[in-house]
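The following exercises concern a single protein chain. Each task is followed by a solution that proceeds step by step.

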Amino acid sequence: MKKTILSFAVFAITIISAKNTFAQKFPRLDVSPMDAASYPSDWRNSDKLVKVIYSRPQLKGRELSSLAAVSDKGVWRTGANEASEITFFKDVLFGGKKVKAGTYTLFTIPSEKEWTFILSAVRNVWGHYTYDKKDDVLRVSGKVSEAEKPIESFSIVFNENKDDLVTMYLGWGNTVVSVPLQEVVLEAQGK
């Protein structure tokens, strides 16, 4: 009889413990999921030049021009949720201006004819609400063009052009914005 009671008690404690273990609450899937774009994009190549971590809002039937975040109203976090972060693994020319290897927050100022790309020294920020111009590392202009077909989810990709020039493209709706970047190659000493 004692063995039965002891077995029942152990069984009850096990069930109660198991219930607490499996009672964890996990959040629902984010409607603007986080993504990453890098160059080179091949996962086998670990010698990266650049990587951007960003969240991907969707249009959901809205016009891009109707969204307050990207409608000529100032600084945008360049995605959703946390502000996008860009890491340069080597010194680069970003939009023609030299940038040291490191991680920066990527903000943009959208407009109809060109976008301004901003690299900020402040990191790990949510949105653009704490943005301060005094933290800018640099600002460069990005060229605006029209997408071949509408892009539902905000996206970032990199493409290599000639002469080791890489172009970063931001696409959303019917808008594509591009900015060039290139590794800074130091000349050999004594030449």
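**Exercise 1. Determine which residues Pro40 is in contact with, leaving aside its neighbours within four places in sequence, and describe its setting.**

Step 1. Apply the contact criterion, heavy atoms within 4.5 Å. With sequence neighbours within four places left aside, the partners of Pro40 are Asn45, Asp47, Lys48 and Leu49.

Step 2. Locate the residue. Pro40 lies in the loop that runs between strand 1 (34-39) and strand 2 (50-55); strands (E, at least two residues) and helices (H or I, at least four) are DSSP runs, numbered from the N terminus.

Step 3. Classify the exposure. Buried means under 20% relative accessible area, exposed over 50%, and partly exposed in between (1.4 Å probe, protein chains only). Pro40 counts as buried because its relative accessibility is 18%.

Step 4. Check a pair remote in sequence. Glu160 is 120 residues from Pro40 along the chain, and their C-alpha atoms are separated by 8.5 Å.

A note on the source: this is a predicted model, in which local features need pLDDT of at least 70 and side-chain atom pairs count only at pLDDT 80 or more, while totals for chains, interfaces and linings use all residues. Residues are numbered from 1 along each chain as its sequence is written, and side-chain values use heavy atoms, with hydrogens and water left out.

**Exercise 2. Characterise the chain as a whole.**

Step 1. List the elements. The protein chain has one helix and nine strands, in the order α-β-β-β-β-β-β-β-β-β from the N terminus.

Step 2. Assess burial and contact range. Of the 191 residues, 36% are buried. Among contacts with a separation of 6 or more, 54% are between residues 24 or more positions apart.

**Exercise 3. Analyse the salt bridges.**

Step 1. State the criterion and the total. A salt bridge requires a side-chain nitrogen of Lys or Arg within 4 Å of a carboxyl oxygen of Asp or Glu, and the structure holds six.

Step 2. Examine Arg56 and Asp35. Their closest N and O atoms are 3.2 Å apart. This pair links distant parts of the chain, with Arg56 in the loop between strand 2 and strand 3 (84-88) and Asp35 in strand 1, 21 residues apart. Arg56 is partly exposed at 22%, and Asp35 is partly exposed at 30%.

Step 3. Examine Arg44 and Asp42. The closest N and O atoms of this salt bridge are 3.6 Å apart. Arg44 counts as exposed at 63%, whereas Asp42 is partly exposed at 34%.

Step 4. Examine Glu183 and Lys90. Their side chains meet in a salt bridge of 4.0 Å, N to O. The pair links distant parts of the chain: Glu183 is in strand 9 and Lys90 in the loop between strand 3 and strand 4 (92-94), 93 residues apart. Salt bridges with shared partners join Asp47, Lys90 and Glu183 into one network.

**Exercise 4. Describe the second largest cavity by its lining.**

Step 1. Define the object. On a 1 Å grid over the protein atoms alone, a cavity is a set of points where a 1.4 Å probe fits but cannot get out, and lining residues have an atom within 4 Å of a point.

Step 2. Identify the lining. The second largest cavity is lined by Leu64, Trp115, Phe154, Leu170, Gly171, Trp172, Thr175 and Val177.

Step 3. Find the main contributor. Strand 9 (residues 166-183) gives the most to this lining, with five residues.

Technical notes. 1 Å grid on protein atoms, 1.4 Å probe; cavity = no way out; pocket = protein on both sides within 12 Å on 5 of 7 lines; lining within 4 Å.
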